[in-house]
Amino acid sequence: MSKESRKFKVPDALANVYDFANTQDVRHFTHFGVEHPQSDELGGPKQLADWMQERGLGRDAGRVTPAMFETALRLREALRAYLQCEPAERRRNKDVLGALDDALAPFPLRVEARAGRGAILSAARVDALAGLSTIAIELHDATLLGTLDRLKMCASEECRRVFFDRSKPSTRRWCMSTLCGNRMKTRAYRERQREAK
Ligand SMILES: [Zn+2]
């Protein structure tokens with residue numbers, strides 16, 4: 001979990017998936033005259049190692065290699081593409097599912113009996129990338145809990161922030177309706193006005 005996941009009340013069981021997907025910030029809207037700067041928390045292998053360390057996912061198992069870093073970026077790309085689909089589409093979009101399945105393949109899991117926890121999933125990898133297996137574990141657990149469908153990507157193409165939908169009917173489309181929702185509605189209104197002329 002992180003400050004961001006706490007602030008937006010993301011369940012702890014999905015906090016790493018949420019943070020990992022949002023390490024890529026592609027927001028480029030203008031708010032109060034200032035354009036939001038795009039950024040990537042995972043600029044290279046070292047940043048990935050630091051990111052895992054900050055979340056207690058680090059392993060004392062050597063350094064993150066460039067190949068491991070590529071594996072991590074592929075997982076993030078496939079995860080973001082999956083979250084961009086509406087929940088109903090996620091179950092039938094074979095391209096998106098296939099890409100996520102391929103991207104998860106390097107993160108095999110095992111069932112581990114652990115004191116105080118019972119039998120839980122844990123990483124089968126033992127190298128520097130093992131900690132990222134927590135993404136696979138959280139996706140699995142959230143599927144069982146039914147909370148994965150509530151993790152969505154903002155429908156605004158200027159935003160694409162991943163958010164957790166806490167609304168009762170689970171129909172939210174924007175990370176913040178006051179910002180992204182209004183911006184999209186204003187634009188749709190202007191477009192309609194233009195077409196009507
Ligand atoms: Zn948004």
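In which sense do strand 5 and strand 6 pair, and over how many bridges? I looked this up in a predicted model. Strand 5 covers residues 109-114 and strand 6 covers residues 118-123. They run antiparallel to each other, with 6 bridges between them.

Next I checked the turn end of this pair. R114 sits opposite G118 of strand 6. The hairpin leaves 3 residues between the two strands, and G116 there has a positive phi, near 80 degrees.

That got me hunting for positive phi in residues that aren't glycine. K9 was one hit, with phi near 50 degrees. I found K9 in the loop that joins helix 1 (3-7) to helix 2 (15-21). Is K9 buried or exposed? I counted 8 C-beta neighbours inside 10 Å, and the cut-off for exposed is 12 or fewer, so K9 goes down as exposed.

R160 was another hit, with phi near 60 degrees, and it isn't glycine either. R160 belongs to the loop between strand 7 (151-153) and strand 8 (162-164). Here I counted 21 other C-beta atoms within 10 Å. Buried takes 20 or more, so R160 makes the cut.

Last stop was helix 8, residues 177-196. How far does helix 8 reach from its first C-alpha to its last? I got 26 Å for its 20 residues, close to the 28 Å expected at 1.5 Å a residue. I also checked how much of helix 8 is buried: the number is 1 of its 20 residues, so I noted the helix as lying largely in the open.

Definitions and conventions. Residues are numbered from 1 along each chain as its sequence is written. This is a predicted model: local features need pLDDT of at least 70, side-chain atom pairs count only at pLDDT 80 or more; totals for chains, interfaces and linings use all residues. Two strands pair if DSSP finds at least two bridges between them. Helices (H or I, at least four residues) and strands (E, at least two) are DSSP runs, numbered from the N terminus. The expected span of a helix is 1.5 Å times one less than its number of residues.
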